[in-house]
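Visitor: I should like to learn how to read charged side-chain pairs in a model of this kind. May we begin with one pair and then widen the view?

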Amino acid sequence: MKLFGQELTKEVNNYTLTSTDTTFLSALGIDVNSISQDKLGEVTFFVCLKHLSESLGKLPLEQHVFDEIKGMEKVRNSKLNTILNLEPNEYMNATSFWQTVEFNRNYHGNSYVYIERKGLEVVGLWIIPYAETIVYVDDAGLFKEKNSIWYVWTDSKTGKKYTFKHTEILHLKSSVSFDGIMGVAVKDVLKLQVETGQYAQSYLQKLYKGNMFGGKVILQYTGDLGIAGKDTLIKETERYANSVGTGKFLPIPLGISATTLDMKLSDAEFTELNKLNALQIASAFGIKPNILNNYDKSSYSNSETQQLDFYINSLSPILKQYKEELTRKLLSYKDKQNNVLEHDIKALFKLDPSKQMDMLAKGMNNLMYTVNEAREELGKPYINDPRANEPIGNGNYIMLSQVGDAYLIKSSKGGENENE
């Protein structure tokens, strides 16, 4: 029996800093023990996960059926539609459920959902913890079905083991995979970049705690004043600076000199390097700079282009994977022949009321929307009139094959008049 995906994960998670690494980082004032193994502490990594999860969570899922006469039609009032868009199980609403699925897919590289059925009917969807699940391929036939893939979940609360066949599990994976079965997490591929961001945040925290920002005064002297003498010197210097006169003049005892020290992160290009690291992490997720509040080279029109680019190059491959996995696992063999489950992307491109009304008016005028379909887009009730379900349009339009017919008719009538 072959185990999928464990060797790589174990090797990555067990990575430790060498003594040379820790010595170098400690010399920079960075405490390596302060870096949490939880990568969510890195703000760019968290923003990317949050944005992708919310983008998927806000898109409704629709079932479409193909009819040879009517074309693609939306399936309404089905139990599966209720499960996908309202209540996947009795403990979660659909938004929380799909956000959690997408979060696990991006954070762990794999997300597992158990499909609860009664007979052939889907009655619920349940998220299975990634850390408690192991994936096997039964090449020896131990589970009575040779070369089948099985998911074994060990419940940490009860200690019970549950075995699921691959047809019972929705398996959403990251875009990076070495075998096509298990996805590789971005946090494992970009371990260095993510931890660099954590070190930077830890470094800033240490500077703030140590009050190291701003100008400092260094008092230099020879000999040893002792702890009490040092404390007295500092207190007296601060007293003159804060409460005596304007604080512009400081009396310095004989044998002591004062110099200033300015702590500027710009001298070390800290901001630029930190920004570069953030953009590298975001690019791995397909997240655009404007999502990170980086508007260095952005304008309003450019932001709209970035949103469209985010859908085409980042979100579209993810939605296609959801479409294929949900269709092949949730629909019966018969339904899969002419049905499909996919996300409605209109929520990604919400228009202002004026533009939306103009778009619907053009669609109606060109026979692409009926009155009731347009009212549905606006959230208005249907008009109880059969004519509201019939396409309407501009009567001046003609078919391409009819272009020039009017001239032929006139010519024909003119010829008749001449003969008369």
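Guide: Certainly. The model before us is predicted. Let us start with Arg 105 and Glu 102, whose side chains form a salt bridge with an N to O distance of 2.9 Å.

Visitor: What is the general idea behind such a pair?

Guide: Side chains of opposite charge can pair when their charged atoms come close.

Visitor: How are Arg 105 and Glu 102 placed in helix H5?

Guide: They lie three residues apart in helix H5, which spans residues 94-108, so about one helical turn separates them.

Visitor: Are Arg 105 and Glu 102 buried or exposed?

Guide: Both residues are buried. The cut-off for that label is a relative accessible area under 20%.

Visitor: Which residue meets Lys 320 in a salt bridge?

Guide: The partner is Glu 324, with 2.4 Å from N to O. The two are four residues apart in helix H10 (residues 300-330), and therefore about one helical turn lies between them. As for accessibility, Glu 324 counts as partly exposed because its relative value is 40%. Lys 320, at 49%, is likewise classed as partly exposed.

Visitor: Which residues are linked in a network of salt bridges?

Guide: Glu 325, Arg 328 and Lys 329 are joined in such a network.

Visitor: What are the closest N and O atoms of Glu 376 and Arg 76 apart, in Å?

Guide: The distance is 3.1 Å, and the two residues form a salt bridge. This pair connects distant parts of the chain, its members being 300 residues apart. Glu 376 belongs to helix H12 (residues 371-377), whereas Arg 76 sits in the loop between strand E3 (71-74) and helix H4 (79-85). Glu 376 is partly exposed, with a relative accessible area of 30%. Arg 76 is also partly exposed, its value being 46%.

Visitor: How many salt bridges does the structure hold?

Guide: There are 14 in the structure.

Visitor: And how should one read the chain as a whole?

Guide: The chain contains 13 helices and 12 strands. It has 420 residues, of which 32% count as buried. Among contacts with a separation of 6 or more, 60% are between residues 24 or more positions apart. The accessible surface of the chain is about 27,200 Å², and carbon and sulfur atoms account for 55% of that area.

Note on methods
Residues are numbered from 1 along each chain as its sequence is written. This is a predicted model: local features need pLDDT of at least 70, side-chain atom pairs count only at pLDDT 80 or more; totals for chains, interfaces and linings use all residues. Side-chain values use heavy atoms; hydrogens and water are left out. Buried means under 20% relative accessible area, exposed over 50%, partly exposed in between (1.4 Å probe, protein chains only). Contact means heavy atoms within 4.5 Å. Accessible areas come from the Shrake-Rupley method with a 1.4 Å probe; for residues, only the protein chains shown count as cover. A salt bridge is a side-chain nitrogen of Lys or Arg within 4 Å of a carboxyl oxygen of Asp or Glu.
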